[in-house]
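Please open the model in your viewer and keep the sequence panel beside it. The stops below each name a selection to make and then say what is found there.

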Amino acid sequence: MAEDVDPARKSIGARRNPDSAEAILVAAEAVLVEAGYAGFSIEAVARRARAGKPTIYRWWPSKAALLLEIYQRGKRVDSPDTGNIEDDLVGFLKSLFSHWRETSSGSVFRSLIAEAQSDPAAAAALAGYSKGRHSHTGQMIERAKARGEVAVDVDAALVADLIGSFAWKHLLTNRLDEDEATLRSAVRYVVQGILAPGR
């Protein structure tokens, strides 16, 4: 039994056929947008892409892996370097919220988080992705350290985790329309701390 129904897009083994991979990713995104997370399945993607399930599972070993690639391929978020850590983090959050709000990426990422609640493979994929993203966001903190703006003993990954947690909460509660003043207040609490002067 052939793994790819469409003869124009034959599988080439473990190495991805670019045409087949693109068709599968386009189909997967369309299924997710049209049917939502509840209607998203490898079977539905295979039907829409005219591809065999074995091909999809060879290139994406789980539903979570496919969801994560859909998300990553469309992600366009700024990582500002303004020379000021507060402005950098506010700019990052504004860009991220806008991206989640104005594209299908927010829905895709919510779906991935939902999948991670019951699927250990999805949880592992999400944890790996999160670690990489926090490292990326942490670069803004490291740049601020190099400028002497942030104390050298600050854990950049932990600060990135705090910023990321704030963002994820807003995604999951569909509150992506926060104004800049609110985002700046949240960032300022992280950057300046909450202790009263002299404490």
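Begin by selecting residues 18–78, where UniProt, in an unreviewed entry, places the feature "domain: HTH tetR-type"; UniProt positions are given in the numbering used here, feature names are shortened, and annotations may be inferred rather than shown by experiment. Residues are numbered from 1 along each chain as its sequence is written, and side-chain values use heavy atoms, with hydrogens and water left out. This is a predicted model, in which local features need pLDDT of at least 70 and side-chain atom pairs count only at pLDDT 80 or more, while totals for chains, interfaces and linings use all residues.

Over residues 18–78 the chain is 74% helix and 0% strand, with its end C-alpha atoms 28 Å apart; helices (H or I, at least four residues) and strands (E, at least two) are DSSP runs, numbered from the N terminus. Within your selection, highlight residues 41–60, to which the unreviewed UniProt entry gives the feature "DNA-binding region". That span is 75% helix and 0% strand, and its end C-alpha atoms lie 13 Å apart.

Now show the whole protein chain, which has nine helices and zero strands, and whose C-alpha atoms fill a box of roughly 75 × 30 × 30 Å along the principal axes.

Next, colour domain 1 (18–60) and domain 2 (73–192) separately, bearing in mind that such bounds come from an automatic or database domain assignment. Their C-alpha centres lie 28 Å apart, and the contact (heavy atoms within 4.5 Å) takes seven residues from domain 1 and six residues from domain 2. Together the two domains bury about 600 Å², 51% of it on carbon and sulfur atoms, where buried area is the accessible area (1.4 Å probe) that two parts lose on being put together, summed over both. On the domain 1 side, select E29, L32 and Y37, which supply 72% of the area that domain 1 buries against domain 2, more than any other three residues.

For the last stop, select K75, F92, L96, R133 and W168, which of the 16 residues lining the largest cavity lie nearest its centre. A cavity is a set of points, on a 1 Å grid over the protein atoms alone, where a 1.4 Å probe fits but cannot get out, and lining residues have an atom within 4 Å of a point. The elements giving two or more residues to this lining are α5 (85–102), α7 (120–146) and α8 (156–172).

Methods
1 Å grid on protein atoms, 1.4 Å probe; cavity = no way out; pocket = protein on both sides within 12 Å on 5 of 7 lines; lining within 4 Å.
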